[in-house]
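User: I would like a close look at a single part of this protein. Please keep the sentences short, since I am a first-year student.

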Amino acid sequence: MGEPVKVFVGRLPRDITEDDFSALMGSQLGLVETILLKDKATGRGKGCGFAKFATIDQALGCVEAMNGAVTVSDTLGPLQVSVASGEAAKHGVPQETMATGQAKLFVGGLPKGADLAAVTDELNAVFSGYGEVTEVYVMNDRTGGCKGAAFVKMASTASATAAMQALHDQHMVTNAASALEVKFATARVDNVPQAQPPQMFQQPAAKGARGGKGLWPAAHHPMPMQPAPP
């Protein structure tokens, strides 16, 4: 088993006990440990803590289930739950996906020249096995065929992580010469030739293909300040 993944939990009542905090987080799958942050002088809680999970999938599942959805104190409002600072990079997940809950995946290893609609349908079917797919964009070459790569947008980071772990270097689509390359999309993807102008991502797909809205800009939502994980 790898190193546990820390999840920050904010807006806790300052009088919450360690047992109550453990019970609060105990319903989440994969919980390894809870740490309630306390003031050394008074012994009272600081209003926040950390929960450690066995895997990144389980940590993300906790965030999606509890952030803004669970309230312990009506005065404080819903809990603020997020993957702790530094954990995203440590486990290979772009930090911006932690703020939006959604995730974009780059998919390489697709058959070049293939029909866009057929590739789009197959990718949608394959990735839907791991969660909700909100959009599929297959890049097209000058002839209108598949360029060999695509972007898949999923409704949750946990689903995208599960798909990446299951499909990368392990799954081949129809007529492909190699297994898929699946990784989180970034502002610059090595597999996309740099000579191609950025406008290519804004051109509509060929007739009959779904998606075609282009490469989505990374979301930048401010996250609450977090104390350094213990």
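User: Which residue in strand 9 does Gly108 stand opposite? Please take strand 7 as the part to look at, and then show me what surrounds it.

Analyst: Gly108 stands opposite Ala149 in strand 9. Keep in mind that this is a predicted model.

Start with the strand that holds Gly108. Strand 7 covers residues 103–108. Its partner here is strand 9, residues 146–154. Six bridges join the two strands, and they run antiparallel.

Strand 7 also pairs with strand 10. Strand 10 covers residues 181–184. Four bridges make this link, and again the strands run antiparallel. Phe106 of the central strand stands opposite Lys183 in strand 10.

Now look at the side chains. Ala103, Leu105 and Val107 point one way from strand 7. Lys104, Phe106 and Gly108 point the other way. Both sets are buried. With six of its six residues buried, strand 7 is largely enclosed by the rest of the structure. To count as buried, a residue must have under 20% relative accessible area.

Take Phe106 next. Phe106 pairs with the ring of Phe151. The ring centres are 5.6 Å apart, and the planes meet at 70°. Planes over 60 degrees apart count as edge-to-face, so this pair is edge-to-face. Phe106 sits in strand 7 and Phe151 in strand 9, 45 residues apart, so the pair links distant parts of the chain. Both of these residues are buried.

A search of the whole structure finds two aromatic pairs. The other one joins Phe8 and Phe50. Their centres are 5.9 Å apart and their planes lie at 65°, so this pair is edge-to-face too. Phe8 belongs to strand 1, and Phe50 to strand 3. They are 42 residues apart along the chain. Phe8 and Phe50 are both buried.

Back to strand 7 and its surroundings. Leu105 is part of the largest nonpolar core, which has 25 residues. Leu105, Leu110, Leu123, Phe127, Val138 and Met154 touch the most other members. Strand 7, helix 5, strand 8, strand 9, helix 6 and strand 10 each supply at least two residues of this core. Helix 5 gives the most, with five residues.

Helix 5 deserves its own look. It covers residues 116–127. The helix has twelve residues and reaches 16 Å from its first C-alpha to its last, close to the 16 Å expected at 1.5 Å a residue. Its buried residues are Leu116, Ala117, Val119, Thr120, Leu123, Val126 and Phe127. What covers them includes strand 7, strand 8, strand 9, helix 6 and strand 10.

Val138 shows how these parts meet. Leaving aside neighbours within four places in sequence, Val138 is in contact with Leu116, Val119, Thr120 and Leu123. Its other contacts are Cys146, Ala149 and Ala150. Ala149 is the residue that Gly108 stands opposite.

Asn140 is another residue to follow, and it lies in strand 8. Not counting residues up to four places away in sequence, Asn140 touches Leu116, Gly145 and Lys147. The C-alpha atoms of Asn140 and Ala114 are separated by 9.3 Å. Those two residues are 26 apart along the chain.

Next, step outside this core. A second, separate core has 21 residues. Its members include Val9, Val63, Leu79 and Ala158.

Cysteines are worth a check as well. The structure holds zero disulfides. Cys48 counts as buried at 10% relative accessibility. Cys62 counts as buried at 1%.

Finally, look at two loop residues. Most residues other than glycine have a negative phi. Arg11 has a positive phi, near 65°. Arg11 is in the loop between strand 1 and helix 1. Its relative accessible area is 34%, so Arg11 is partly exposed. Asn175 also has a positive phi, about 65°, although it is not a glycine. Asn175 lies in the loop between helix 6 and strand 10. With a relative accessible area of 71%, Asn175 is exposed.

Note on methods
Residues are numbered from 1 along each chain as its sequence is written. This is a predicted model: local features need pLDDT of at least 70, side-chain atom pairs count only at pLDDT 80 or more; totals for chains, interfaces and linings use all residues. Side-chain values use heavy atoms; hydrogens and water are left out. A nonpolar core is a set of buried Ala, Val, Leu, Ile, Met, Phe, Trp, Tyr and Cys residues joined through side-chain atoms within 4.5 Å. Buried means under 20% relative accessible area, exposed over 50%, partly exposed in between (1.4 Å probe, protein chains only). Contact means heavy atoms within 4.5 Å. A disulfide is a pair of cysteine sulfur atoms within 2.5 Å. Two strands pair if DSSP finds at least two bridges between them. Rings of Phe, Tyr and Trp (its six-membered ring) pair if their centres lie within 6.5 Å; planes under 30 degrees apart count as stacked, over 60 as edge-to-face and the rest as tilted. The expected span of a helix is 1.5 Å times one less than its number of residues.
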